[in-house]
Amino acid sequence: MTTDEPPVVIDWSEHAERLSAAVDDDAAWYAETARHLVEPGDGLAVDVGCGGAGMAMALSAALPSDASVVGLDGDDEVLAAAQRRVADAQIDGARVWLIRADLDHDLRSLPAVARNADIMWASASIHHAADQQSAIDALAAHLAPGGRLALAEGGLRGRHLPWDLGVGEPGLENRLLGAEDRWFGRMRESLPGTVRMPYGWTTALRKAGLTEVTTRSTMFEQTAPLAHAELTKVLDNLAHRVERASESGDLDADDAAAWARLLDRDDDVWLGHRDDIHSLSARSVHVGRRAA
Ligand SMILES: C[S@@+](CC[C@H](N)C(=O)[O-])C[C@H]1O[C@@H](n2cnc3c(N)ncnc32)[C@H](O)[C@@H]1O
């Protein structure tokens with residue numbers, strides 16, 4: 001990051017409702033992943049950086065009713081929105097507790113209800129910790145013997161558009177992904193006390209002393225033409241990403257102009273008129289086990 005580039009500071013409160021709404025989109029994947037992670041005899045799961053608590057709820061449904069699930073997050077409004085979802089869900093399963101905890105300061109001294117976990121789950125949260133390896137080490141240390149730490153990180157970001165849209169320079173979507181990479185790099189460099197982790201998630205799990213390290217990836221595909229509801233979701237998601245990349249200054253002005261036309265429903269080149277929009281992405285979960 002050069003000195004004239006502004007730091008990236010995320011106010012998670014602004015994302016509370018979006019994270020809560022995203023729970024429905026990911027519900028099937030959460031349920032399937034939770035069933036895959038839970039083992040007989042498990043009594044405690046922790047969802048670290050829980051956002052809308054989608055995985056906390058899925059874990060509670062997959063665990064027996066005498067088990068507990070603890071959702072941890074650093075933002076009060078995110079936790080309040082998650083609490084509303086948990087209350088609405090009326091889950092017939094393990095009890096869900098939501099607790100405020102910071103990834104950079106609180107992981108080594110978690111409250112007793114979050115220690116000795118059979119499952120520690122962290123999805124898209126550890127990459128917001130200043131020292132990712134230190135956070136992973138701390139979580140691994142809270143595992144019960146035989147417990148698993150599961151990191152949902154990486155995978156493949158969504159692809160939706162043909163390379164040449166006939167508006168702007170071809171390769172618009174690739175350059176949006178590039179702009180997001182630049183933003184991500186600045187976000188990491190802006191974290192106070194940031195430490196680079198120049199290796200992959202499976203290596204990080206092994207460095208934390210975990211064994212039987214594996215990765216399981218799930219592909220999500222919806223072929224063109226998309227149904228109306230799916231098309232709307234894709235366009236809303238693209239609009240959110242383009243707005244963020246434009247506001248942060250990571251998107252080139254010509255590309256921003258092309259996106260403005262493609263996302264304007266009053267323009268004849270609006271993406272919503274096309275029958276060649278699709279959705280292809282993958283999510284990876286890296287798991288390591290503490291020796292029994
Ligand atoms: C990208 S969201 C992921 C939410 C959820 N795990 C999911 O997969 O949908 C990152 C989450 O981590 C939380 N978070 C970010 N930085 C944090 C920190 N330093 N301490 C605690 N939570 C943090 C945010 O409040 C947010 O809920």
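The following paragraphs lead through this structure, from its nonpolar cores to its helices, the shell around its ligand and some details of its backbone. The model is a predicted one.

The interior is a suitable place to begin. In soluble globular proteins, nonpolar side chains tend to be buried together. Here the largest nonpolar core comprises 61 residues. Within this core, Val46, Leu59, Met120, Trp121, Leu139 and Ala150 have the most contacts. The greatest contribution comes from helix α2, residues 54-62, which supplies six residues. Valine 46 illustrates how such a core is joined: apart from neighbours within four places in sequence, valine 46 is in contact with Val70, Leu72, Ala114, Ala117, Met120 and Trp121. A second core, separate from the largest one, has 16 residues, and Ala179, Val234, Trp259 and Ile277 are among them.

Two of the residues just named lead to a pair of helices. Ala179 is one of the buried residues of α5, together with Leu172, Arg175 and Leu176. Viewed down the axis of α5, the buried residues occupy an arc of 110 degrees, and therefore they line one face of the helix. The face turned away from this buried side carries Asn174 and Asp181, which are exposed. The length of α5 can be checked as well: its 19 residues, at 1.5 Å a residue, should span 27 Å, and the end C-alpha atoms are indeed 27 Å apart. The buried residues of α5 are covered by elements that include α7 and α8.

Trp259, in turn, belongs to α8, whose buried residues are Asp255, Ala258, Trp259 and Leu262. Seen down the axis of α8, these residues fall within an arc of 100 degrees, so they too line one face of their helix. They pack against α5, residues 172-190, and α7, residues 228-247.

Several charged residues help to place these helices in relation to the remainder of the chain. Aspartate 254 is part of α8, which runs over residues 253-262. Aspartate 254 counts as exposed because it has 12 C-beta neighbours inside 10 Å, and a residue with 12 or fewer is classed in that way. Leaving aside neighbours within four places in sequence, aspartate 254 is in contact with Gly168 and Glu169. Its C-alpha atom lies 39 Å from that of aspartate 104, and the two residues are 150 apart in sequence.

Aspartate 252 lies in the loop between α7 and α8. With 17 C-beta neighbours inside 10 Å, aspartate 252 is counted as partly exposed. Although 77 residues separate aspartate 252 from arginine 175 in sequence, their C-alpha atoms are 8.8 Å apart. Glutamate 14 offers another reference point for arginine 175: these two residues are 161 apart along the chain, and their C-alpha atoms are separated by 26 Å. Glutamate 14 is in the segment before α1, which covers residues 16-37. Glutamate 14 counts as exposed because it has 11 C-beta neighbours inside 10 Å.

The model also contains a ligand. Of the 17 residues around the ligand, those that come nearest are Trp12, Gly49, Gly51, Gly74 and Ser123. By character, the shell around the ligand is made up of seven nonpolar, six polar and four charged residues.

Some details of the backbone remain. Most residues other than glycine have a negative phi, and most peptide bonds are trans. Against that background, the peptide bond from alanine 224 to proline 225 is cis, with omega near 0 degrees. Proline 225 is located in the loop between β7, residues 211-222, and α7.

Two residues that are not glycine have a positive phi. Asparagine 116 has a phi of about 60 degrees, and glutamate 212 has one of about 50 degrees. Asparagine 116 is in the loop between β3, residues 95-100, and β4, residues 117-123, whereas glutamate 212 is placed in strand β7. Their surroundings may also be stated: asparagine 116 has 14 C-beta neighbours inside 10 Å and therefore counts as partly exposed, while glutamate 212, with 11 other C-beta atoms within 10 Å, is exposed.

Note on methods:
Residues are numbered from 1 along each chain as its sequence is written. This is a predicted model: local features need pLDDT of at least 70, side-chain atom pairs count only at pLDDT 80 or more; totals for chains, interfaces and linings use all residues. Helices (H or I, at least four residues) and strands (E, at least two) are DSSP runs, numbered from the N terminus. A residue is buried if 20 or more other C-beta atoms lie within 10 Å of its own, exposed if 12 or fewer, and partly exposed in between; C-beta atoms are placed from the backbone. Two residues are in contact if their C-beta atoms, placed from the backbone, lie within 7 Å. A residue is near a molecule or strand if its C-beta atom, placed from the backbone, lies within 6 Å of it. Ala, Val, Leu, Ile, Met, Phe, Trp, Tyr, Cys and Pro count as nonpolar, Asp, Glu, Lys and Arg as charged, and the others, Gly among them, as polar. The arc is that of the directions from the helix axis to the C-beta atoms. A nonpolar core is a set of buried Ala, Val, Leu, Ile, Met, Phe, Trp, Tyr and Cys residues joined through C-beta atoms within 7 Å. The expected span of a helix is 1.5 Å times one less than its number of residues.
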